[in-house]
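Visitor: Please teach me how to read a structure like this, feature by feature. Where do we start?

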Amino acid sequence: MPKLLKDQQISNDDFQILPQDLEEASLPDGNVLVHVSSIDRASKANGRHNGQIGIWFDSADEPETVASALNQFEVIAVNFPKFMDGRGYSLARLLRERLDYRGDIRAIGDILVDQIYYLKRCGFSSLRLREDQNPEYALAALTTFSMDYQTAADKLTPVYRLRHQL
């Protein structure tokens, strides 16, 4: 089972990521993530499904197209198809800051331990680790830096402004 980094803890990720071109009439039992293109079907099944339902975005998907339905899902995942594709960072910021999504934003796909600190800064609250990644290294990556100088989704007051508040 894939590992999940959330709230400074490592646990098992029990969400099954369903393919984008899902053609089945019903969702499988358990916690599932369906592609945003299936949001209507996921919304209808949300009350009667045996498990949690979340949605996932690919890096080219536009979250504004489904903005009114986002907060009915406790988990929204953003897929990184390859580690060099940075559009997922922008998606998380849009979800947090413009669309005011307060649930769990999960990074999935090809993410590296080196990116974890910055993913958190952009608004991700959990990360699904690849099978080849050491969970302890991933946990340590959250404390790579002791102070932040920029405003970000995880802290609204940068350190340089704190000196004026003393």
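Visitor: Is R102 buried or exposed?

Guide: This is a predicted model, so the values are computed from it. R102 has 56% relative accessibility, and the bar for exposed is over 50%. R102 therefore counts as exposed.

Visitor: Which residue forms a salt bridge with R102?

Guide: Start with the general idea. Side chains of opposite charge can pair when their charged atoms come close. Here the partner of R102 is D100, with the closest N and O atoms 2.6 Å apart. D100 counts as partly exposed, at 42% relative accessibility.

Visitor: Where is D100 found?

Guide: D100 is in the loop between helix 2 (87-98) and strand 7 (104-109). Check its backbone too. D100 is not a glycine, yet its phi is positive, near 55°. Q8 is another such case: a non-glycine residue with a positive phi of about 55°. Q8 is in the loop between strand 1 (3-6) and strand 2 (9-12).

Visitor: How many salt bridges does the structure hold?

Guide: The count is 9. Take R87 and D85, whose side chains meet at 2.8 Å, N to O. R87 is partly exposed, with a relative accessible area of 43%. D85 is at 10%, and the limit for buried is under 20%, so D85 counts as buried.

Visitor: Which side chain meets R130 in a salt bridge?

Guide: That of D132, at 2.9 Å, N to O. R130 is partly exposed, with a relative accessible area of 25%. D132 is exposed, at 57%. Salt bridges can also share partners: K6, D13, D104, R106 and R128 are joined into one network that way.

Visitor: Now the interior. Which residues have the most contacts inside the largest nonpolar core?

Guide: The general idea comes before the names. In soluble globular proteins, nonpolar side chains tend to be buried together. In this model the largest nonpolar core has 37 residues, and I55, F57, L70 and L95 have the most contacts inside it. Several elements each supply at least two residues of this core, including strand 4 (32-35), helix 1 (39-45), strand 5 (53-57) and strand 6 (75-80). The largest share, 4 residues, comes from helix 2.

Visitor: What is I55 in contact with, leaving aside its neighbours within four places in sequence?

Guide: I55 is in contact with L33, V34, V36, I39, L70, F73, V75, I76 and A77. Apart from the largest core lies another, of 6 residues, with L33, V75, A77 and I108 among them.

Visitor: And empty space? What is the volume of the largest pocket?

Guide: Rolling a probe the size of a water molecule over the atoms shows where empty space is left. The largest pocket here has a volume of about 200 Å³. Its lining has 13 residues, and D7, Q8, K120, F124 and S125 are the closest to its centre. Strand 1 and strand 8 (126-128) each give two or more residues to the lining. By type, the lining divides into 4 nonpolar, 4 polar and 5 charged residues.

Visitor: One last residue. Where is the place of P135?

Guide: P135 is in helix 4, which spans 135-141. P135 is partly exposed, with a relative accessible area of 22%. Sequence distance and spatial distance are separate readings. P135 and S11 are 124 residues apart in sequence, and 9.3 Å apart in space, C-alpha to C-alpha. Leaving aside its neighbours within four places in sequence, P135 is in contact with K3, I10 and L129.

Conventions. Residues numbered from 1 in each chain as written. Predicted model: local features only at pLDDT ≥ 70, side-chain atom pairs only at ≥ 80, totals over all residues. Heavy atoms only, no water. Core = buried A, V, L, I, M, F, W, Y, C linked by side-chain atoms within 4.5 Å. Buried < 20%, exposed > 50% of the residue type's maximum accessible area, 1.4 Å probe, protein only. Contact = heavy atoms within 4.5 Å. 1 Å grid on protein atoms, 1.4 Å probe; cavity = no way out; pocket = protein on both sides within 12 Å on 5 of 7 lines; lining within 4 Å. Points joined across faces, edges and corners; volume = space filled by probe spheres on them. Nonpolar A, V, L, I, M, F, W, Y, C, P; charged D, E, K, R; others polar. Salt bridge = Lys/Arg side-chain N within 4 Å of Asp/Glu carboxyl O.
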